[in-house]
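User: Hi! I'm new to looking at protein structures and I'd like to learn how to read helices. Can you walk me through it?

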Amino acid sequence: MQRYTDRVVFISGGLGDMGQAIAQRLADEGATVVLGDIARPDPARRDGPAPWVLPLDVTQPRSWDEAMQAIVERHGRLDVLVNNAGVVSTQSVNFDEIDAGEWRRLFAINVDGVFHGVQAAMRVMKRQADGGAIVNMGSIAGFVGSATGGAYGASKSTLRNLTQQAALSAARAGYRIRVNAVHPGYVWTALIADKLAAQFGGVEAAQAAVRAMNPMQTIVTPEDVAASVAFLGSDDARMITGADLVVDGGRLIQ
């Protein structure tokens, strides 16, 4: 499929495993991909596409504005924004023990960062006759409670409603901009692999534990998530806005 021919896509958090998988999928479908990240590219990394990488601090509106200006100056338009940048909590504690600074850090990136990105992209896309699409990266943690992950879950729950608010506002304003969210379950990335391997005593044991979490007995990969992002950002989803697409092997419904 070449659903993204002549499309310009910007992916925040583009240098991580998830960002790279999304970039590869959309590039394979013909997109011109631009990555944004607060980190610097690793010149030794050769396993993904090598698109233009812009410095981006998602918590700063000016950083978003500068990225949008650079994209428009070079490519003339922006068709899809993937708000992929996000963080997990460094704490696993009861709700009354959550550090206020940690709460603010998660919301600054997972919520404020998405808010600034949606606003910046909308200001560009609404000037385009064919509008555009925005895909926000959520989590199944935003649907349910958590005994020791309250800050992260609350940030992703807020992202769900933010997506709906932005989608309805854009539609009623006649912007022709769709806003949707993808909500992965436990995704197998290099960071997760190292963490769980240490926890369970090896990679095979860790993979077995992750499979057991999902009724489908499968592991969610970055490529699974990338496929869902590719769908929501494409014209195949032209009548879908304000929606939550869950990618978790059935974990949320059990």
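Analyst: Sure! Keep in mind that this is a predicted model. Let's start with helix α5, residues 190-200, where Ile192, Ala193, Leu196 and Ala197 are buried.

User: Why do those buried residues end up on the same side of α5?

Analyst: Look at the directions around the helix axis: the buried residues cover an arc of only 125°, so they sit on the same side of α5. Now turn to the other side of α5, where Leu191, Asp194, Lys195, Ala198 and Gln199 are exposed.

User: What do the buried residues of α5 pack against?

Analyst: Their partner is α6, residues 203-213. Check what follows α5 too: there you'll find Gly201, with a positive phi near 85°.

User: Okay, and how do I describe two helices that pack together?

Analyst: You give the angle between their axes and the distance between the axes. Try helix α3 (residues 100-125) and helix α4 (residues 150-172): they pack at an angle of about 15°, and their axes are 9 Å apart. Angles under 35 degrees count as roughly parallel, so α3 is roughly parallel to α4.

User: Which residues make the contact?

Analyst: On α3, they include Trp103, Phe107, Val114 and Met122. On α4, among them are Tyr152, Lys156, Leu159 and Ala170. The crossing of α3 and α4 is right-handed, by the way.

User: Last one: how is the protein divided into domains?

Analyst: There's domain 1, covering 8-185 + 225-247, and domain 2, covering 188-219. Their C-alpha centres lie 25 Å apart.

Definitions and conventions: Residues are numbered from 1 along each chain as its sequence is written. This is a predicted model: local features need pLDDT of at least 70, side-chain atom pairs count only at pLDDT 80 or more; totals for chains, interfaces and linings use all residues. Side-chain values use heavy atoms; hydrogens and water are left out. Domain bounds come from an automatic or database domain assignment. Buried means under 20% relative accessible area, exposed over 50%, partly exposed in between (1.4 Å probe, protein chains only). Helices (H or I, at least four residues) and strands (E, at least two) are DSSP runs, numbered from the N terminus. The arc is that of the directions from the helix axis to the C-beta atoms. Contact means heavy atoms within 4.5 Å. Axes are lines fitted to C-alpha atoms, for helices over the stretch in contact, and angles run from 0 to 180 degrees between N-to-C directions. Angles under 35 degrees count as roughly parallel, over 145 as roughly antiparallel, 65 to 115 as roughly perpendicular and the rest as oblique. A crossing is left-handed if the near helix is turned anticlockwise from the far one by less than a right angle, and right-handed if clockwise.
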